[in-house]
Amino acid sequence: MSFLTPFLARQKNFPTATLLTRHLSSATTRTTTSKLHERYTFTPPPSLSPESQNDDIPTKPNKKKPKPRYRPPSSLDRNGRKPVRSDLPFDFRFSYTESSEKVRPIGLRGPKYSPFGPGRVDRAWTGVCAPAVDPKVELLEAKEEPKMEQQRKKRRGWVQGEPLSTAERKALVLQGERGKTKRQINLGRDGLTHNMLDVIHKHWKYSEVVRIKCMGVPTVDMKNVCTQLEDKTYGKVISRHGGTIILYRGRNYNPNHRPVIPLMLWKPQEPVYPRLIKTTIEGLSIEETKEMRKRGLAVPVLTKLAKNGYYAYLVPMVRDAFLSSELVRIDCTGLERSDYKKIGCKLRDLVPCILVTFDKEQIVVWRGMDYKPPEDGYFFKDKESFDDYDDHLDAGVGKRERDTFKMMYLLPRLMLLFGYEAQKMFFNHVSFVALKVEKKHSERCQVETDFVVTIVQYKD
């Protein structure tokens, strides 16, 4: 049992032993920390020291400000800037070719929010346009219109300067062809828009001419497209082949002094216009109107329109068809409804005719009760070179000679309608005029002379 005595003694003195060990351990920790501080100058961090747990640790103030939230840039924030002032002498519209000043809307689809943005332009938006004259001044509205036209003509004449010679015109046309440059502006269903004016001036900064490709609805009336381009940009159309137009900026054009054109930020809502097709056609009863619509949908198709195509041939084609039929149907399958409605509206004004229906993606038009073909005609040329020959021809040749050259473009259609008799009558008329024109303009217009001589040889 002698070997158990130390163990028993340890068991008896267990509480005192534990207290002594705790006291010694605390003393050793203090001595070790002091020794560490004396020998190595080591200071424990405040988080590990038991004495500093109760003390308040001073915190440094956060000097970094919170980062503001990202806000995308907006063109509506003017930041105290004044509204843009433009001295262009015409009313700002979304489209200059697809809107007419003669047709007034009967209402608006929403409030009059300016598409230029609030406070960006010094012109008020009326829901249709931003007039150059204050719309509140009603008395000056009728007097300012001729003044603005005179201002536009005067500015355009100064920008164009002296007229181009034939050699200069041909050189500029070659410069704007597709093989020479890739710069091109596409004119689509909206026609000549307001923002497109700014794009044209940007192209003129680097080149004297710009090529414009016209497609879709505006090509029904290419004469209006060329007129609006020249009127609103002060340029000059020097060539047109189909829907491709080459627009010249002018001799005195300076890109550093180009006009100020404020941009539209969004497309404005179209106003409400009167209905194109009424319940009953004027002069007919309800039953006769229904019967005419049924017959119109059963008439053979005159032509089928392709999407984004070239429709300049449509007006003369409808006029020729009215010589043999009172109803004409045009197939518009695949086109937007708004597109063939605009085409029908243009046909109503240019042919002229009466719209019958737009059902089943078809345009059906009626020539009316007492139809008379227009006397002026619609001699549309698919290609216009705008050479100086036209001026020489008008100066030296009479009305009969000019009518003959117009008849040359009508010959295929006359042969289609009247057959061999029209061909025979045409060449009998041309034989005398051809010899007369050949003697007067053999030196200036060699191309036209060769063509006329060919006709005379064919007759013989």
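Start by selecting Arg-211, which at 5% relative accessibility counts as buried. The model on screen is a predicted one. Arg-211 is found in strand E2.

**Around Arg-211**

Now show the surroundings of Arg-211. Leaving aside neighbours within four places in sequence, Arg-211 is in contact with ten residues to display: Gly-176, Glu-177, Arg-178, Thr-181, Lys-182, Arg-183, Gln-184, Ile-185, Thr-244 and Ile-245. Pick Thr-181 from that group. Thr-181 and Arg-211 are 30 residues apart in sequence, and their C-alpha atoms are 9.0 Å apart in space. A polar atom of the Arg-211 side chain lies 3.3 Å from the backbone oxygen of Thr-181. Then pick Gln-184, whose side chain is joined to that of Arg-211 by a polar contact of 3.0 Å.

**From Ile-245 into the core**

Move next to Ile-245, another contact of Arg-211. Which residues is Ile-245 in contact with, leaving aside its neighbours within four places in sequence? They are Val-210, Arg-211, Ile-212, Cys-214, Met-222, Val-225, Cys-226, Leu-229, Val-237, Ser-239 and Arg-240.

Ile-245 also belongs to the largest nonpolar core, which has 31 residues. Select Ile-200, Ile-212, Leu-229, Ile-245 and Leu-247, the members that touch the most other members. To see where this core comes from, colour strand E1 (184–187), helix H5 (194–204), strand E2 (209–214), helix H6 (222–233) and strand E4 (244–248), each of which supplies at least two of its residues. Apart from this core lies another, of 24 residues, including Val-315, Phe-322, Ile-330 and Phe-358. In soluble globular proteins, nonpolar side chains tend to be buried together.

**Strand E6 and its partners**

Ile-330 leads to strand E6, residues 327–331, where five of the five residues are buried. Show the side chains: Leu-327, Arg-329 and Asp-331 point one way, while Val-328 and Ile-330 point the other way.

Add strand E5 (residues 301–304), which runs parallel to E6 and is joined to it by three bridges. Along this pairing, Lys-304 stands opposite Asp-331. With helix H8 (residues 314–321) displayed as well, E5, H8 and E6 can be seen as a right-handed β-α-β unit. Then add strand E8 (residues 362–366), which runs antiparallel to E6 and is joined to it by five bridges. Here Val-328 stands opposite Val-365.

**Salt bridges**

How many salt bridges does the structure hold? There are 13. Three of them are worth a stop.

Select Lys-346 and Glu-98, whose closest N and O atoms are 3.6 Å apart. Lys-346 lies in helix H9 (residues 337–350) and Glu-98 in the loop between helix H2 (14–40) and helix H3 (141–160), so this pair ties together parts that are 248 residues apart in sequence. Lys-346 is buried, with a relative accessible area of 14%, whereas Glu-98 is partly exposed at 23%.

Go on to Asp-231 and Arg-152, whose side chains meet in a salt bridge of 3.0 Å, N to O. Asp-231 lies in helix H6 and Arg-152 in helix H3, so the pair ties together parts that are 79 residues apart in sequence. Asp-231 is partly exposed, with a relative accessible area of 22%, and Arg-152 counts as buried at 10%.

The third stop is Arg-258 and Asp-198, with 2.5 Å from N to O. Arg-258 lies in the loop between E4 and helix H7 (286–298) and Asp-198 in helix H5, so the pair ties together parts that are 60 residues apart in sequence. Arg-258 counts as partly exposed at 24% relative accessibility, and Asp-198 is buried at 7%. Before leaving, add Lys-232 to the view: Arg-152, Asp-231 and Lys-232 are joined into one network by salt bridges that share partners.

**Backbone stops**

Most residues other than glycine have a negative phi, and most peptide bonds are trans. Three places in loops are listed here against that background.

- Tyr-234 has a positive phi, near 65°. Tyr-234 is found in the loop between H6 and strand E3 (236–241) and counts as buried at 7% relative accessibility.
- Glu-361 has a positive phi of about 55°. Glu-361 is found in the loop between E7 and E8 and counts as partly exposed at 31% relative accessibility.
- Val-351 and Pro-352 are joined by a cis peptide bond, with omega about -15°. Pro-352 is placed in the loop between H9 and strand E7 (354–357).

Terms used: Residues are numbered from 1 along each chain as its sequence is written. This is a predicted model: local features need pLDDT of at least 70, side-chain atom pairs count only at pLDDT 80 or more; totals for chains, interfaces and linings use all residues. Side-chain values use heavy atoms; hydrogens and water are left out. Buried means under 20% relative accessible area, exposed over 50%, partly exposed in between (1.4 Å probe, protein chains only). Helices (H or I, at least four residues) and strands (E, at least two) are DSSP runs, numbered from the N terminus. Two strands pair if DSSP finds at least two bridges between them. A crossover is right-handed if, with the strands pointing away from the viewer, the path from the first strand over the helix to the second runs clockwise. A nonpolar core is a set of buried Ala, Val, Leu, Ile, Met, Phe, Trp, Tyr and Cys residues joined through side-chain atoms within 4.5 Å. Contact means heavy atoms within 4.5 Å. A salt bridge is a side-chain nitrogen of Lys or Arg within 4 Å of a carboxyl oxygen of Asp or Glu. A polar contact is a pair of N or O atoms within 3.5 Å; within protein, one must be able to donate a hydrogen and the other to accept it, and residues adjacent in sequence count only if both atoms are side-chain atoms.
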